[in-house]
Amino acid sequence: MVLVPDEGKSLPPPGIVNRNSVWLAGVGWCTAMLHNAMKHRPPLQSGVHRQVLAASIGWFIGYHLTKYADYTYARLDRDMNEYIRLHPDDFAPKEKRTFAEIVEPFHPVR
Amino acid sequence: MDFKTVVDLPGRVIDRCGGSSRGEMTLSVLLSRAGLVSRVGSRSMFTSSKPDTANPNWLRVGLSFGTSAFLWGLLFKQHSTYMHEYKVRNGLV
């Protein structure tokens, strides 16, 4: 099951510790604890092998999800910059004027 | 007439009390005994056992930890492969 095609391999891979991994590992761990609670077992202490397995699966899926997200954002950025490069007239830089030029002269009436 | 009597035509009694007319081991009693030890797919709630928490299923525990170790190893291996490929493609080796 290939999420990221070949061109995405020139991007830097995400770190082992990344947001999606941590979150999904937490989701997996809570799933295992909820399973324990529903079977009337002590949630934290029982079935440590199940908690470890669920957290590991979550971490693994999170890593590949982060990799796919990085590739998607890189592809969108590349396409957007390519479009801007090909249509310079639509993206001409606006001339900047200071406030002193815009504001009318002030004559106080006291 | 009691409820165990089998009747063919109204009024004509064919059989009483199950398989035999004798008192000791009727067919229905033998069949019910067999149900207690048969290993057919269905289980009745009177025979299921409580989950035994004192003796863990070590095979399942080993498989779970083994799968976790495999996943972590696979993750580190894939990460190092991706990192190497990135460095090669961008001339950072």
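A charge sits over a ring if NZ of Lys or CZ of Arg is within 6 Å of the ring centre and within 35 degrees of the ring normal. The model used in these exercises is predicted.

**Exercise 1.** Find the ring that K67(A) lies over, and give the distance.

*Solution.* Start from the lysine in chain A. K67(A) lies over the face of Y82(B). The distance to the ring centre is 4.1 Å. The cut-off for the distance is 6 Å.

**Exercise 2.** Classify the aromatic pair of Y83(A) and F91(A).

*Solution.* Two values describe a pair of aromatic rings: the distance of the centres and the angle of the planes. Take the distance first. The centres of Y83(A) and F91(A) are 6.3 Å apart. Rings pair if their centres lie within 6.5 Å. Now take the angle. The planes of Y83(A) and F91(A) stand at 90°. Over 60 degrees counts as edge-to-face, so this pair is edge-to-face. Last, check accessibility. Y83(A) is partly exposed at 45%, and F91(A) is partly exposed at 43%.

**Exercise 3.** Classify the pair of W72(B) and F76(B), and place both residues in chain B.

*Solution.* The ring centres are 6.4 Å apart. The planes meet at 35°, so the pair is tilted. Next, the position. W72(B) and F76(B) are in helix α2, residues 58-89 of chain B. They are four residues apart, so about one helical turn separates them. W72(B) has a relative accessible area of 30% and is partly exposed. F76(B), at 48%, is also partly exposed.

**Exercise 4.** Name the residue of chain A that forms one aromatic cluster with W72(B) and F76(B).

*Solution.* The residue is W59(A). Over all chains, the structure holds three aromatic pairs.

Terms used:
Residues numbered from 1 in each chain as written. Chains lettered and ligands numbered in written order. Predicted model: local features only at pLDDT ≥ 70, side-chain atom pairs only at ≥ 80, totals over all residues. Heavy atoms only, no water. Phe/Tyr/Trp six-rings, centres within 6.5 Å; stacked < 30°, edge-to-face > 60°. Buried < 20%, exposed > 50% of the residue type's maximum accessible area, 1.4 Å probe, protein only. Helix = DSSP H or I, 4+ residues; strand = E, 2+ residues; numbered from the N terminus.
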